[in-house]
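Hi,

Here is the structure I said I would pass on. Have a look at it first, and then read on for what turned up.

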Amino acid sequence: MPKVNYLIAACSHRTNRGPLGNIEGKDTLKLHLQELSKTRTEQLDQVTVLRALPLVRGDKELAEEYWGIEHLFKDFKCPVVTLDVIDSYFSYSSWIQACQKYRRDFDYYILTEDDYYPSH
């Protein structure tokens with residue numbers, strides 16, 4: 001069976017933005033994980049949250065709230081891990097660093113960002 005890693009490029013700079021529609025920037029990553037957990041995560045071998053450094057950008061409290069996601073991992077039927085990455089070229093550099101780190105561990109990668117998530 002091919003092994004699949006779902007990579008979420010995430011950055012706390014979203015907390016500095018006002019609401020997009022009716023979604024606060026500080027909630028985007030949480031909403032992504034909540035919606036993803038409603039899907040068939042047992043078909044994934046891993047979900048990796050790519051945390052772009054520095055972790056705090058702008059308001060420290062909002063950044064801490066943005067990154068406060070560990071409690072959501074229990075809802076997944078596959079391992080969920082975080083990986084801190086250097087932010088060089090936005091999401092692209094995050095995905096490249098993760099693919100390099102896991103290049104021998106997975107066959108396929110789903111590349112996505114924190115503000116785009118599956119929803120029924």
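Before anything else, a quick one for you: does Cys11 count as buried or exposed? Cys11 counts as buried, because its relative accessibility is 7%. Bear in mind that this is a predicted model.

Since you'll probably ask about the cysteines, let me stay with them. There are 0 disulfides in the structure. For Cys11, the closest cysteine sulfur is that of Cys99, and at 18 Å it is too far away for a bond. Cys78 isn't in a disulfide either: its nearest cysteine sulfur also belongs to Cys99, 16 Å away. Cys78 is buried as well, with a relative accessible area of 10%.

Now the strands. E1 (4-10) and E2 (46-53) run parallel and are joined by 6 bridges. On its other pairing, E2 is linked to E3 (residues 80-86) by 7 bridges, and these two are parallel too. Val47 is a handy residue to click on here: Tyr6 stands opposite Val47, and Val47 in turn stands opposite Val80 in E3. To get from E2 to E3 the chain passes through H2, making a right-handed β-α-β crossover. E2 itself is mostly covered, with 7 of its 8 residues buried.

Next, helix H1 (residues 28-37). How many of its 10 residues are buried? The count is 8, so the helix is largely enclosed by the rest of the structure. The buried set isn't just greasy side chains on the list: among them are Lys30, His32 and Glu35, along with Leu29, Leu33 and Leu36. What do the buried residues of H1 pack against? Their partners are strands E1, E2 and E4, plus helix H2 (60-67).

Last, Asp115, which sits in the segment after strand E4 (108-113). Asp115 counts as partly exposed, because its relative accessibility is 32%. Setting aside neighbours within four places in sequence, Asp115 is in contact with Arg14 and Thr28. With Arg14 there is a side-chain to side-chain polar contact of 3.2 Å. Thr28 ties back to the helix above, as one of the buried residues of H1. If you want to see how far the chain travels around there, compare Asp115 with Asp105: they are 10 residues apart in sequence, and their C-alpha atoms are 26 Å apart in space.

Cheers

Terms used. Residues are numbered from 1 along each chain as its sequence is written. This is a predicted model: local features need pLDDT of at least 70, side-chain atom pairs count only at pLDDT 80 or more; totals for chains, interfaces and linings use all residues. Side-chain values use heavy atoms; hydrogens and water are left out. Helices (H or I, at least four residues) and strands (E, at least two) are DSSP runs, numbered from the N terminus. Buried means under 20% relative accessible area, exposed over 50%, partly exposed in between (1.4 Å probe, protein chains only). Contact means heavy atoms within 4.5 Å. A polar contact is a pair of N or O atoms within 3.5 Å; within protein, one must be able to donate a hydrogen and the other to accept it, and residues adjacent in sequence count only if both atoms are side-chain atoms. A disulfide is a pair of cysteine sulfur atoms within 2.5 Å. Two strands pair if DSSP finds at least two bridges between them. A crossover is right-handed if, with the strands pointing away from the viewer, the path from the first strand over the helix to the second runs clockwise.
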